[in-house]
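Work through the exercises below with the sequence and the structure in view. Each task is followed by a worked solution.

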Amino acid sequence: MHIVAGLTKSGGGTSYSVPSLAAALGPHLDVRIRTLEADGSLQAFLDQGVDLHTHAVDRGPLAGRMRSSRHLRRALERDAEAGPVFHVHGLWLMPNI
């Protein structure tokens, strides 16, 4: 399970490195990415078996800036019960706290 705030081309290095890592692991493991935004640049990675889930950001100026998402938090709580390994990327935003 990879967790990253955003996967858009304008988002920088994690928008390439996270899907690339997930795609490389895909043939060996069940790989899932949870994020708050993604764009069409990910199609090549999705074609390699990466399971992408995009969640809504909470409303409000501070929540938007910090990328807070109760939808993502609930999904991760459910995921944790199944016991996957979590790999967080970009530790400076709320999705990884």
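**Exercise 1.** Which residues are exposed on the other side of α1, away from its buried ones?

Solution. The model is a predicted one.
- Start with the helix itself: α1 covers residues 14–25, and its twelve residues reach 16 Å from first C-alpha to last, close to the expected 16 Å.
- Next, pick out the buried residues of α1, which are S15, V18, P19, A22 and A23. They lie on the same side of the helix because they cover an arc of only 130 degrees around the axis.
- On the other side of α1, the exposed residues are Y16 and A24.

**Exercise 2.** State what the buried residues of α1 pack against, and find the largest nonpolar core.

Solution.
- The packing partners of these buried residues are β1 (2–3), β2 (32–35) and α2 (43–46).
- The largest nonpolar core has ten residues, including V18, A22, A23, I33 and F45. Helix α1 gives the largest share of this core, three residues.
- A separate core of five residues lies apart from it, with M1, L36, L72 and L76 among them.
- Take A22 as an example: beyond its neighbours within four places in sequence, A22 contacts H2, V31, I33 and V50.

**Exercise 3.** Decide whether R34 is buried or exposed, and name the residue whose side chain shares a polar contact with that of R34.

Solution.
- Locate R34 in strand β2.
- Its relative accessible area is 7%, and buried means under 20%, so R34 is buried.
- The side chains of R34 and D79 are joined by a polar contact of 2.6 Å.
- Leaving out residues up to four places away in sequence, R34 also touches others, including H53, H55, L72 and A75.

Notes. Residues numbered from 1 in each chain as written. Predicted model: local features only at pLDDT ≥ 70, side-chain atom pairs only at ≥ 80, totals over all residues. Heavy atoms only, no water. Helix = DSSP H or I, 4+ residues; strand = E, 2+ residues; numbered from the N terminus. Expected span 1.5 Å × (residues − 1). Buried < 20%, exposed > 50% of the residue type's maximum accessible area, 1.4 Å probe, protein only. Arc of directions from axis to C-beta. Contact = heavy atoms within 4.5 Å. Polar contact = N/O pair within 3.5 Å; in protein donor to acceptor, adjacent residues only side chain to side chain. Core = buried A, V, L, I, M, F, W, Y, C linked by side-chain atoms within 4.5 Å.
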